Amino acid sequence: MKQIILHNKVFVPFIDREKIEQTVQKMALEIYEKYKHTTPVFVGVLNGVILFFSDFLKNYPGRCEIAFIQLSSYRCMSSSGEVKVILDWPIDIYGRDVVIFEDIIDTGNTLEKLYEMVCTQVVKSVKIATLFLKPEVFKSDLNIDFIGMRIPNKFFIGYGLDLDGIGRNYPDIYQLKDEA
């Protein structure tokens with residue numbers, strides 16, 4: 001892993017792909033244990049969740065259905081505080097076990113909006129899974145049921161995380177050098 005430059009900002013290695021793969025595999029087995037006797041609906045929050053969700057599904061040994069939703073609260077490198085729905089529910093989740101998948105949770109503002117949206121659908125249960133959680137800035141009362149890793153409140157790119165739409169494709173996680 002070497003440093004990367006995006007938009008004149010330098011990013012340095014933080015978490016390598018092997019650690020990410022191990023974490024995703026562990027999460028897939030943990031969630032399978034909870035849902036092995038049912039067919040849950042896994043809802044991925046676009047766009048950042050793509051790599052995590054794909055790798056999770058490859059490692060999940062049980063039955064499931066998948067759906068995507070797209071929300072946004074970020075502009076450039078910070079949260080706007082306003083959550084917009086870009087892509088709404090593609091399937092009926094009434095009476096189903098639903099697991100919301102996020103790539104990263106920081107303040108929890110976007111997650112709260114999504115959680116409210118799911119609960120209006122009268123589901124059997126709602127759980128939340130995230131690969132990364134920033135506990136020092138998480139402001140919500142929501143329970144995060146499945147957490148891959150806790151990370152500091154820094155800016156990261158790679159493995160789905162981006163800076164203005166670029167950097168998601170890197171298989172490792174990089175941290176903004178000024179914050180390292």
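The buried residues of helix H1 are Ile20, Thr23, Val24, Met27, Ala28, Ile31 and Tyr35. Because these residues cover an arc of only 140 degrees around the axis, they lie on the same side of H1. The structure described here is a predicted model, and the account below moves from its helices to a strand and a loop.

**Helices**

Helix H1 comprises residues 17-35, which makes 19 residues, and the distance from its first C-alpha to its last is 27 Å, close to the 27 Å expected at 1.5 Å a residue. On the face of H1 turned away from the buried side, the exposed residues Gln22 and Lys26 are found. At the start of this helix, a side-chain oxygen of Asp16 comes to within 3.1 Å of the backbone nitrogen of Glu18. The one-sided pattern can be read against the general geometry: an α-helix has 3.6 residues a turn, so residues three or four places apart point the same way.

In helix H2, which spans residues 50-59, Phe52, Phe53 and Phe56 are buried. Since they cover an arc of only 95 degrees around the axis, these residues sit on the same side of H2. Helix H3, residues 109-119, has Thr110, Leu111, Leu114, Met117 and Val118 as its buried residues. Here the arc covered around the axis is only 120 degrees, which again puts them on the same side of H3.

**Strand S7 and Thr130**

Strand S7 covers residues 125-133 and includes Thr130. Eight of the nine residues of S7 are buried, so the strand is largely enclosed by the rest of the structure. Strand S6, residues 97-105, runs parallel to S7 and is joined to it by eight bridges; within this pairing, Ile104 has Phe132 of S7 as its bridge partner.

Thr130 itself is buried, at 0% relative accessibility. Its side chain reaches the backbone oxygen of Phe132 at 2.8 Å. Leaving aside residues up to four places away in sequence, Thr130 touches Met27, Phe52, Glu102, Asp103, Ile104, Ile105, Ile144, Phe146, Ile147 and Gly148. Among these contacts, Met27 is one of the buried residues of H1, and Phe52 is one of the buried residues of H2.

**Ser140 in the loop after S7**

Ser140 is found in the loop between S7 and strand S8, the latter being residues 146-150. With a relative accessible area of 10%, Ser140 is buried. Not counting residues up to four places away in sequence, Ser140 touches Thr107, Gly108 and Glu112. The polar contacts from the side chains of Thr130 and Ser140, together with the one at the start of H1, are set out below.

| Side chain | Partner | Distance |
|---|---|---|
| Asp16 | backbone nitrogen of Glu18 | within 3.1 Å |
| Thr130 | backbone oxygen of Phe132 | 2.8 Å |
| Ser140 | side chain of Glu112 | 2.6 Å |
| Ser140 | backbone nitrogen of Leu142 | 2.9 Å |

**Cysteines**

Which level of exposure does Cys64 have, buried or partly exposed? At 29% relative accessibility, Cys64 counts as partly exposed. Cys119, with a relative accessible area of 39%, is partly exposed as well. With a disulfide taken as a pair of cysteine sulfur atoms within 2.5 Å, the count of disulfides comes to zero.

Notes: Residues numbered from 1 in each chain as written. Predicted model: local features only at pLDDT ≥ 70, side-chain atom pairs only at ≥ 80, totals over all residues. Heavy atoms only, no water. Buried < 20%, exposed > 50% of the residue type's maximum accessible area, 1.4 Å probe, protein only. Helix = DSSP H or I, 4+ residues; strand = E, 2+ residues; numbered from the N terminus. Polar contact = N/O pair within 3.5 Å; in protein donor to acceptor, adjacent residues only side chain to side chain. Contact = heavy atoms within 4.5 Å. Expected span 1.5 Å × (residues − 1). Arc of directions from axis to C-beta. Pairing = 2+ DSSP bridges.
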